[in-house]
Amino acid sequence: METNLTSNKSLLDWLDEKVELLKPSKIVWIDGSQEQIDALRAEACSTGELIKLNEELLPDCYLHRTAVNDVARVEDRTLICSRSEKDAGPTNHWMDPEKAYKMLYDIAAGSYQGRTMYIIPYSMGPVGSPFSKIGIEITDSIYVVLNMCIMTRVGKAVLDVLGDSNDWVRGMHCKCDIDAENRWICQFPEDNTIISVNSGYGGNVLLGKKCFALRIASYLGKNEGWQAEHMLILGLQKPDGEVKYICAAFPSACGKTNLAMLIPPEGYQKKGYKVWCVGDDIAWIRKGPDGRLYAINPENGFFGVAPGTNEHSNPNALESTKKGTIFTNVAHNLDNNTVWWEGLDKNPPTNAVDWKGNPWNGAESEEKGAHPNSRFTAPAVNCPCISSEFENPQGVPISAIVFGGRRAKLTPLVYQSKDWNHGVFVGSVMGSETTAAATGAVGVVRRDPMAMLPFCGYNMGDYWKHWIEIGETLDPEKAPKIFNVNWFRKDDEGNFLWPGFGDNLRVLDWIIDRCEGKVDAQETAIGYLPYAKDINLEGLDMTEEQLDAILDVDKDAWNEELKGVEELYAKFGDTLPTELADILNEVKDNFNK
């Protein structure tokens, strides 16, 4: 073993066990130095694991292709291995930890023979922040090492902060044979442990991301009195220079990254409005000394979906990918050694290689050049609108929490919950209608409470209870106000009624006005709705009457919706908080008065 970067006994003992199990031919500690990263990049290019792209057009950028059978997260093979099945809850896949360890160790045994074990010490959150947590990931993939160096803070400084502590998350990743039948991504919340075998795809193998930052961290948060949430964090700067921070949760395909990096409409820009991105995916939230909730983004980069990202939809995200980025499963333009994906522009390359590694002519081929879930891993520091508070170890104070989904008819453009617990109810009933991108029928409501359904590391009934308990510790005057938005209302012909994108700032502006008590709202059966006159339509081709049409609450549609909520709640039996059952009954009564 090469020289250890630490004398931490719990860590060294764990590594000894894993070396014995996996039998690596070589061991390398990742120290986070540029020199080491450059050497690893060169090695990966020499084996074909990475392809170096055009240094002038895309400096320090690389292309990687995963196996064709390994292109996305696998929810049915993602397990929560708690000692009691009830602790995993009805919405997670569960396995007994003893059985899971045996299965995983049998699969992984000897799998590092002829390979290098890379030991990655990483911090989720700024190194040394009171919010932050430390993880160690061992992997036999240079691709994983280089992605983790973008997505997290990596290196010797992390081990210095850890010292002799045993408070760190154990992560073991083994590529094995990339065998889909033996692919497992297992979280052991009670043991602070994550094991991933037979995958090379980012969401399954960058263990700091969903595995640690949400599944393990949500469990840690429950026990330690804080929250790990699948939320963006943005700062809305008003013309007077004051910045208010919003956390927002959306299921996939609802424009989360676009909102996190929003560019204000021209009229707003002229007045001096700006939006600052603190995070595009995950928020860790805890109470500050002043009694308000503060949030950090535990990540250090963006792991974004490439298709559809372009100059119009999200110029800030596109700009973030222009240097130091790893692209996965996109098309390779051989004419200028750059990358392309569907939705980037209207000029697909004709002399290219598709995401599977086959020759591809974008002008003639029926096949897609990039996989629909192809990705970019980009350093957050590249983002033109990255917040100056991005590295603030104390986090940013949260004024509002926003939930949203994709609903063609039901949910108004925006409404506010009546209080904290009612806001928890609003988050718990979140759902989105399936689009063509998801498998199966179109327009079916998929429930995704708080956008956490695939990412909650324990029983979701207990998770809602944790939300309610957090609320009990907050002064109502200081607690964030909770809202729901829906950018996706349609008319009977299927046309979107709201322009979306940058114009969503108009709604955020109203949300902040509500938080500051500057505007009134009308009380309805589901919560407080804006008066159309209070949402700024200047510069939009829209009347207040048309806006009213996206703010209506249809009694029959909501009564139908509440039946779906009852079905969801019924799954949780005695773990459903009584507070939520009571609010459901109250909302039903409101409609039937």
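Trainee: Which residue in β25 stands opposite alanine 249 in this predicted model?
Mentor: Strand β14 (residues 243-249) pairs with β25 in the parallel sense, over five bridges. Opposite alanine 249 in β25 stands phenylalanine 403.

Trainee: What is the bridge partner of phenylalanine 403 in β29?
Mentor: β25 is joined to strand β29 (residues 481-485) by five bridges, and the two run parallel. Within β29, phenylalanine 403 has as its bridge partner asparagine 484.

Trainee: Which residue in β25 stands opposite tyrosine 294?
Mentor: Strand β17 (residues 293-296) pairs with β25 over two bridges, in the antiparallel sense. The residue of β25 opposite tyrosine 294 is proline 397.

Trainee: How many of the nine residues of β25 are buried?
Mentor: A residue counts as buried when its relative accessible area is under 20%. β25 is mostly covered, and its count of buried residues is eight.

Trainee: Which kind of aromatic pair do phenylalanine 403 and tryptophan 467 form?
Mentor: The model has 21 aromatic pairs. In this one the ring centres are 6.0 Å apart and the planes stand at 55°. An angle under 30 degrees would count as stacked and one over 60 as edge-to-face. The pair of phenylalanine 403 and tryptophan 467 is therefore neither, and is classed as tilted.

Trainee: How many residues apart in sequence are the parts that this pair of phenylalanine 403 and tryptophan 467 ties together?
Mentor: Phenylalanine 403 lies in strand β25 (residues 396-404), and tryptophan 467 lies in helix α13 (residues 460-472). Both residues of the pair, phenylalanine 403 and tryptophan 467, are buried. Because one partner is in the strand and the other in the helix, the pair ties together parts whose separation in residues is 64.

Trainee: Which kind of aromatic pair do tryptophan 558 and phenylalanine 591 form?
Mentor: Their centres are 6.2 Å apart, with 15° between the planes. Planes under 30 degrees apart meet the cut-off, so the pair of tryptophan 558 and phenylalanine 591 is stacked.

Trainee: Which helices does the pair of tryptophan 558 and phenylalanine 591 link?
Mentor: The parts tied together are 33 residues apart in sequence. Tryptophan 558 and phenylalanine 591 are both buried. The first partner, tryptophan 558, belongs to residues 555-570 and phenylalanine 591 to residues 578-591, so the helices are α16 and α17.

Trainee: What is the volume of the second largest cavity?
Mentor: Tryptophan 558 appears again here, as one of the residues that line the second largest cavity. α16 gives the most to that lining, with four residues. By class the lining has ten nonpolar, one polar and one charged residues. The volume of the second largest cavity is about 70 Å³.

Trainee: Which helix and strand each supply at least two residues of the lining of the largest cavity?
Mentor: The largest cavity holds about 120 Å³ of space. It is lined by 15 residues, and those closest to its centre are Thr411, Val429, Met430, Gly431 and Asn484. The lining has seven nonpolar, six polar and two charged residues. The elements asked for are α16 and β29.

Trainee: How much space lies in the second largest pocket?
Mentor: Its lining has eleven nonpolar, five polar and three charged residues. Helices α2 (34-47) and α5 (142-151) each supply at least two of the lining residues. The space in the second largest pocket is about 420 Å³.

Trainee: Which strands stand at the edges of the open sheet β2-β3-β19-β24-β18?
Mentor: The five strands of this sheet have mixed pairing. Two of them have a single partner strand each, so one side of each is left without a neighbour in the sheet; these are β2 (51-52) and β18 (301-305).

Trainee: What is the phi of alanine 451?
Mentor: Most residues other than glycine have a negative phi. Alanine 451 lies in the loop between β28 (445-447) and α13, and it is buried, with a relative accessible area of 1%. Although alanine 451 is not a glycine, its phi is positive, at about 60°.

Definitions and conventions: Residues are numbered from 1 along each chain as its sequence is written. This is a predicted model: local features need pLDDT of at least 70, side-chain atom pairs count only at pLDDT 80 or more; totals for chains, interfaces and linings use all residues. Side-chain values use heavy atoms; hydrogens and water are left out. Rings of Phe, Tyr and Trp (its six-membered ring) pair if their centres lie within 6.5 Å; planes under 30 degrees apart count as stacked, over 60 as edge-to-face and the rest as tilted. Buried means under 20% relative accessible area, exposed over 50%, partly exposed in between (1.4 Å probe, protein chains only). Two strands pair if DSSP finds at least two bridges between them. On a 1 Å grid over the protein atoms alone, a cavity is a set of points where a 1.4 Å probe fits but cannot get out, and a pocket is an open set with protein on both sides within 12 Å along at least five of seven lines; lining residues have an atom within 4 Å of a point. Grid points are joined across faces, edges and corners, and a volume is the space filled by probe spheres set on the points. Ala, Val, Leu, Ile, Met, Phe, Trp, Tyr, Cys and Pro count as nonpolar, Asp, Glu, Lys and Arg as charged, and the others, Gly among them, as polar.
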